[in-house]
Amino acid sequence: MHDLPDQLTNGLALGALYGLIAIGYTMVYGIVQLINFAHGEIFMIGGFGALTAYLWLPDGTGLTLALPLMLLLGVVCATLVAVGAERFAYRPLRGGPRLSPLITAIGLSLALQQAVWAFYPDAKKARPFPQFQGGDFDLGFVTLSREDLFIFIAAPVCMIALALFVAKTRTGRAMQATSQDPDTAKLMGINTDRIIVLAFAIGGAFAAIAAVAQGFKTGEVQFRMGFIAGLKAFTAAVLGGIGNIYGAMIGGLVLGVAEAMAIAYVGDIPGMEQFGGGSWKDVWAFILLILVLLLRPQGLLGERLADRA
Amino acid sequence: MPLLEVEGLRVAYGKIEAVKGISFGVEAGEVVTLIGTNGAGKTTTLRTLSGLLKPLAGKITFDGQVLNGVPAHKIVAMGLAHSPEGRRIFPRLSIEENLALGAFLRKDTAAVDGDLQRVYELFPILSERRAQAAGTLSGGEQQMLAMGRALMSRPKLLMLDEPSMGLSPIMMQKIMSTIAELKAGGTTILLVEQNAQAALSLADHGHVMEIGRISLSGTGQELMHDESVRKAYLGED
């Protein structure tokens with residue numbers, strides 16, 4: 001028996017996580033029209049950064065105490081890698097053929113995976129991630145795990161902060177201008193190189209927070225964790241309308257809920273018994289992506305293409 | 001020493017040279033126009049002056065400083081504003097946000113507010129629609145916004161690229177009379193236009209560009225009465 005409120009909670013938690021990662025894809029795409037396929041690995045490095053912080057602390061440190069440090073080191077590591085990737089891998093190729101940075105992104109993704117595999121202690125297998133102590137919260141209509149509570153706090157805080165930053169601050173407005181017309185943004189006196197670095201940095205920071213959330217959920221981090229998470233978040237970004245930060249979050253939530261529903265209920269449909277359960281969830285996610293690309297290629301909140309007069 | 005001095009400027013896109021060695025100057029307080037057909041290199045010249053393109057050779061001096069190698073976002077701070085071809089307003093930002101971006105580098109908040117009021121007085125329609133997304137404006141209104149945005153940096157030199165392009169005759173009249181008004185107010189302007197008649201009647205000096213070179217220079221009046229200019233650009237036989 002699958003309880004609908006519980007399944008919905010699962011889906012929303014998963015979706016919020018996808019959405020946080022998707023912000024990184026969508027912000028970078030919105031400004032430099034590049035799909036940063038190494039973003040999944042930046043997420044993974046955020047997870048390892050957080051784990052490292054935990055391992056530095058004395059044994060038996062409570063998670064409430066450790067969490068701020070884990071988030072901090074995770075965010076620092078992921079942001080540094082994201083900014084470094086921009087500076088040394090993508091910036092030299094800017095203005096060149098569109099295919100070059102894309103190939104570089106795939107290469108960088110593999111290189112980062114292999115670097116963690118080779119150089120992080122014991123990373124050849126999954127490393128256990130610290131877990132919350134204590135049980136779930138019973139809210140009556142739904143039970144909420146501590147891991148889910150974390151993502152339900154972290155994701156809205158990040159999103160609201162980003163939305164306020166983009167809409168209200170001078171730098172946020174410069175960011176919007178750069179994404180709408182980079183050359184003209186330069187004519188306003190905006191240092192667009194710095195705006196691009198900022199987009200990579202924010203994306204990296206959010207990905208690290210998502211990686212901590214995923215570490216709590218799955219109880220481990222491993223060097224390949226960025227691949228599927230990155231693909232899902234990319235799907236979420238396209239689903240919501242790539243280039244649109246609200247779209248990334250909504251796309252993530254739609255994707256997460258759709259996956260949770262498919263896992264819980266597809267097997268109950270007569271004749272579909274063999275497609276039920278968790279092993280088919282990626283298939284449903286990508287079928288959703290294909291449907292969106294066919295029916296609404298600009299995504300749910302996609303931007304009109306004809307608004308440049 | 002003129003405000004802007006361009007010497008032997010050459011600019012290329014890959015192997016194709018669009019500007020093949022031009023020299024001209026703009027004195028403070030005057031209006032100088034570059035006229036010529038499509039592909040003559042006028043827009044390329046302006047984009048190089050504002051730092052969006054890198055010159056192949058030549059020297060650009062503005063207000064006593066050499067502009068070669070200075071990135072675009074620093075050139076506007078030196079007092080050179082560029083209202084680009086095709087207007088290029090930020091479509092999903094409001095009119096007021098577009099104008100605020102024109103003053104992006106300015107710290108003198110009170111004076112910026114004053115300049116904003118001045119732009120609204122110059123173009124009342126923008127004031128009425130200040131909260132509206134700029135992409136919803138008509139072509140003429142977008143041109144006003146692009147000019148207003150460039151003025152918001154309080155430039156020493158205002159570069160206008162094809163301000164009358166694609167506008168109705170009435171709107172073109174309005175834009176040209178605004179340029180005359182700015183000139184009367186002492187603004188130094190470098191104007192690129194295909195509408196040679198309108199541009200020359202406003203300009204103190206003009207230069208005719210043909211496939212990357214300046215073929216003829218003179219005062220606005222001289223060029224307007226020049227036989228070859230009349231034939232080629234003013235539509236007379």
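The paragraphs below go through a predicted model of two chains, taking confidence, overall form, the sheets of chain B and the contact between the chains in turn.

The model scores ipTM 0.94 and pTM 0.92. Chain A averages a pLDDT of 93, with 97% of its residues scoring at least 70, but over residues 305-309 of chain A the pLDDT is below 50, although this stretch has eight contacts in the model beyond near neighbours in sequence. Where pLDDT is low, the predicted coordinates should not be read in detail. For chain B the mean pLDDT is 94, and 99% of the residues of chain B reach 70 or more. Among the elements of chain B, the lowest mean pLDDT, 86, belongs to helix α10 (residues 227-233), whereas the highest, 98, belongs to strand β7.

Chain A may be taken before chain B. The secondary structure of chain A comes to eleven helices and four strands, and the C-alpha trace of chain A spans about 60 × 50 × 35 Å along its principal axes. A compact globule of 309 residues would have a radius of gyration near 19 Å, and because chain A has 20 Å, its value agrees with that expectation. Buried residues make up 47% of the 309 residues in chain A, and of the contacts in chain A with a separation of 6 or more, 75% are between residues 24 or more positions apart.

One residue of chain A can be looked at singly. Ile290(A) lies in helix α11 of chain A, which covers residues 281-295. Ile290(A) counts as exposed because it has 10 other C-beta atoms within 10 Å, where a residue with 12 or fewer is placed in that class. Ile290(A) and Leu239(A) are 51 residues apart in sequence, and their C-alpha atoms are 9.5 Å apart in space.

Chain B has ten helices and ten strands, and its C-alpha atoms fill a box of roughly 45 × 40 × 35 Å, taken along the principal axes. With 237 residues, a compact globule would have a radius of gyration near 18 Å, and the 17 Å of chain B agrees with this. Of these 237 residues, 45% count as buried. In chain B, residues 24 or more positions apart account for 64% of the contacts with a separation of 6 or more.

The strands of chain B can be followed through two sheets, beginning with an open sheet of four strands in the order β2-β1-β4-β5, whose pairing is antiparallel. The edge strands of this sheet are β2 (16-26) and β5 (65-66) of chain B, each of which pairs on one side only. Strand β1 (residues 4-13) of chain B runs antiparallel to β2(B) and is joined to it by eight bridges; within this part of the sheet, Leu9(B) stands opposite Ile22(B) in β2(B).

Six further strands of chain B form an open sheet of mixed pairing, in the order β6-β7-β8-β3-β9-β10. Here β6 (80-83) and β10 (213-219) of chain B are the edge strands, each pairing on one side only, and the twist averages 15 degrees from one strand to the next. Strands β7 (residues 157-161) and β8 (residues 188-193) of chain B run parallel and are joined by five bridges, and Leu158(B) stands opposite Ile189(B) in β8(B). Helix α6 (residues 139-151) of chain B lies across β6 and β7 of chain B and runs at about 170 degrees to β6(B).

Towards the other edge of the order, strand β9 (residues 205-210) of chain B pairs with β10(B) in the antiparallel sense over six bridges. The bridge partner of Glu210(B) is Arg213(B) in β10(B). The hairpin of β9(B) and β10(B) has two residues between the strands, and in this hairpin Ile211(B) takes a positive phi near 30 degrees.

The contact between the chains remains to be described. In the model, 17 residues of chain A are in contact with 22 residues of chain B. On the side of chain A that touches chain B, α6 (170-180) and α7 (182-187) of chain A each supply at least two residues, and α6(A) gives the most, with five residues. By class, this side of chain A has six nonpolar, five polar and six charged residues.

Note on methods. Residues are numbered from 1 along each chain as its sequence is written. Chains are lettered from A and ligands numbered from 1 in the order in which they are written. This is a predicted model: local features need pLDDT of at least 70, side-chain atom pairs count only at pLDDT 80 or more; totals for chains, interfaces and linings use all residues. pLDDT is the predictor's confidence in each residue, from 0 to 100. Two residues are in contact if their C-beta atoms, placed from the backbone, lie within 7 Å. The radius of gyration is taken over C-alpha atoms; the globule rule is 2.2 Å times the number of residues to the power 0.38. A residue is buried if 20 or more other C-beta atoms lie within 10 Å of its own, exposed if 12 or fewer, and partly exposed in between; C-beta atoms are placed from the backbone. Two strands pair if DSSP finds at least two bridges between them. Axes are lines fitted to C-alpha atoms, for helices over the stretch in contact, and angles run from 0 to 180 degrees between N-to-C directions. Ala, Val, Leu, Ile, Met, Phe, Trp, Tyr, Cys and Pro count as nonpolar, Asp, Glu, Lys and Arg as charged, and the others, Gly among them, as polar.
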